[in-house]
Amino acid sequence: MHRDERDGLRAYRFETFAGQPVELLVSTRLGGASGGAYAALNLGLHVGDDPSTVVGNRRRFFAAYDLPFERSVWCKQVHKNTVAVVDAGHAGRGNEDDTRAIAETDALVTNVVGLPLCVMIADCVPVVLYDPEHHVIGLAHAGWGGTVARISSRTVETMHARFGTDPRAVLAGIGPSISPDRYEVGDAVIAAANAAYGDGPVLRHLDDGKALFDLWEANAVDLESAGVPRERIEISGVSTVGALDEFYSHRFETRDGVPHTGRFATVAMLGERK
């Protein structure tokens, strides 16, 4: 990935999509108006921050990167594998009011140009997908729950069923999230990961009975299972917990043992094909 800095803000772009008629951006926490635990560019309306400040942050980010905020589509993420296909009629859903976001959904797919799809992140994995043949994008939020529920392959399957996407043509990016060396999990997650991925290289067992769960590799394996070639999958390798000056962390930013932090966003939008 590479940095794109504008007006005191910072975003990251995937190398894989350079030259493609798409906008795929990962925001950071830098440059916004939120304070305290939410400092500074918190884009999450559901975490306890002042809603007007969050909307202002969202507007500032979208304006800086020339994205149409009024058309942006947001979803209420529930760590499952529900995928919603969205069209122009969904424009503006959840952009200023979290209660209007698309309910109980962790992935969005569209073939509509100029319709920004958005998911919020704070350690979970953003997965972006582009079908250059049919000009279709998909965007998924994959925490451990979505990862073991195979949200990434489910999104590819939805793109295929609705728009005829050939998985072999898909370009994919796995964005900033908690790194494999920092994501320690217990029995329940270990069992779920084993059930989902079998002997796949997604767990590194520790001496205390716990394990480190590699969400990056798991989602790459999941995409491969849907037919996406490994060489077309970019893993950013950017760790949220290794860069708390740039990203929020649900696991490592707490108050009285309870997660207390903001959210950054991944935004995906189709541009006009020339």
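Which residues have the most contacts inside the largest nonpolar core? They are Leu129, Phe213 and Leu223, in a core of 38 residues. The model described here is predicted.

## The cores

Several elements build the largest core. β6, β8, β9, α3, β10, α4 (187–197), β13 (211–213) and α5 each supply at least two of its residues. Apart from it lies another core, of 30 residues. Cys75, Leu117, Val119 and Phe264 are among its members. In soluble globular proteins, nonpolar side chains tend to be buried together.

Phe213 shows how a core residue is surrounded. Leaving aside neighbours within four places in sequence, Phe213 is in contact with residues that include Trp144, Thr147, Val148, Pro180 and Tyr183. The list also includes Val185, Val189, Ala193, Val202, Leu203 and Ala218.

## The six-stranded sheet

An open sheet is formed by six strands, in the order β5-β6-β9-β8-β10-β14. Its pairing is mixed. β5 and β14 stand at the edges with a single partner strand each, so one side of each has no neighbour in the sheet. From one strand to the next, the twist averages 15°.

Strand β10 (residues 171–174) has both faces covered. On one side, Leu171 and Gly173 are buried; on the other, Ala172 and Ile174 are buried. β10 pairs with strand β8 (residues 125–131) in the antiparallel sense, over four bridges. Within that pairing, Val127 stands opposite Ile174, and Val128 stands opposite Gly173. β10 also pairs with strand β14 (residues 233–235), in the parallel sense and over three bridges. There, Ala172 has Ile233 as its bridge partner.

## Helices on the six-stranded sheet

Helix α3 (residues 151–163) has 13 residues. From its first C-alpha to its last, α3 reaches 18 Å, close to the 18 Å expected at 1.5 Å a residue. α3 lies across β5, β6, β8 and β9, and runs at about 155° to β9.

Which residues of α3 are buried? They are Ile151, Ser152, Ser153, Thr155, Val156, Thr158, Met159 and Phe163. An α-helix has 3.6 residues a turn, so residues three or four places apart point the same way. The cover over the buried residues of α3 includes the strands β5 (83–85), β6 (107–110), β8 and β9 (136–142). It also includes the helices α2 (144–148) and α5 (215–225). Just after α3, Gly164 takes a positive phi of about 80°.

Helix α5 lies across β8, β9, β10 and β14. Its direction is at about 30° to β8.

## The three-stranded sheet

Three strands form another open sheet, in the order β11-β13-β12, with antiparallel pairing. β11 (184–185) and β12 (203–205) stand at the edges, each with a single partner strand, so one side of each is left without a neighbour in the sheet. Three bridges join β12 to β13. His205 stands opposite Ala211 in β13. Helix α4 lies across β11, β12 and β13, running at about 135° to β12.

## Cysteines

How many disulfides does the structure hold? The number is zero. Cys75 is in no disulfide, and the nearest cysteine sulfur, that of Cys118, is 8.5 Å away. Seen from Cys118, the closest cysteine sulfur is in Cys75; at 8.5 Å, it is too far for a bond. Cys75 counts as buried because its relative accessibility is 2%. Cys118 is buried too, with a relative accessible area of 1%.

## Backbone features in the loops

Most residues other than glycine have a negative phi, and most peptide bonds are trans. Ala39 and Ala40 are joined by a cis peptide bond, with omega of about 5°. Ala40 sits in the loop between β3 (22–27) and α1 (51–64).

Two residues have a positive phi although neither is a glycine.

| Residue | Phi | Loop | Relative accessible area |
|---|---|---|---|
| Arg150 | about 65° | between α2 and α3 | 22%, partly exposed |
| Asp256 | about 55° | between β15 (254–255) and β16 (258–259) | 77%, exposed |

Is Asp256 buried or exposed? Asp256 counts as exposed because its relative accessibility is 77%, over the 50% cut-off. Arg150 is partly exposed at 22%.

Notes:
Residues numbered from 1 in each chain as written. Predicted model: local features only at pLDDT ≥ 70, side-chain atom pairs only at ≥ 80, totals over all residues. Heavy atoms only, no water. Buried < 20%, exposed > 50% of the residue type's maximum accessible area, 1.4 Å probe, protein only. Pairing = 2+ DSSP bridges. Expected span 1.5 Å × (residues − 1). Contact = heavy atoms within 4.5 Å. Core = buried A, V, L, I, M, F, W, Y, C linked by side-chain atoms within 4.5 Å. Axes fitted to C-alpha atoms, helices over the stretch in contact; angles between N-to-C directions. Disulfide = S-S within 2.5 Å.
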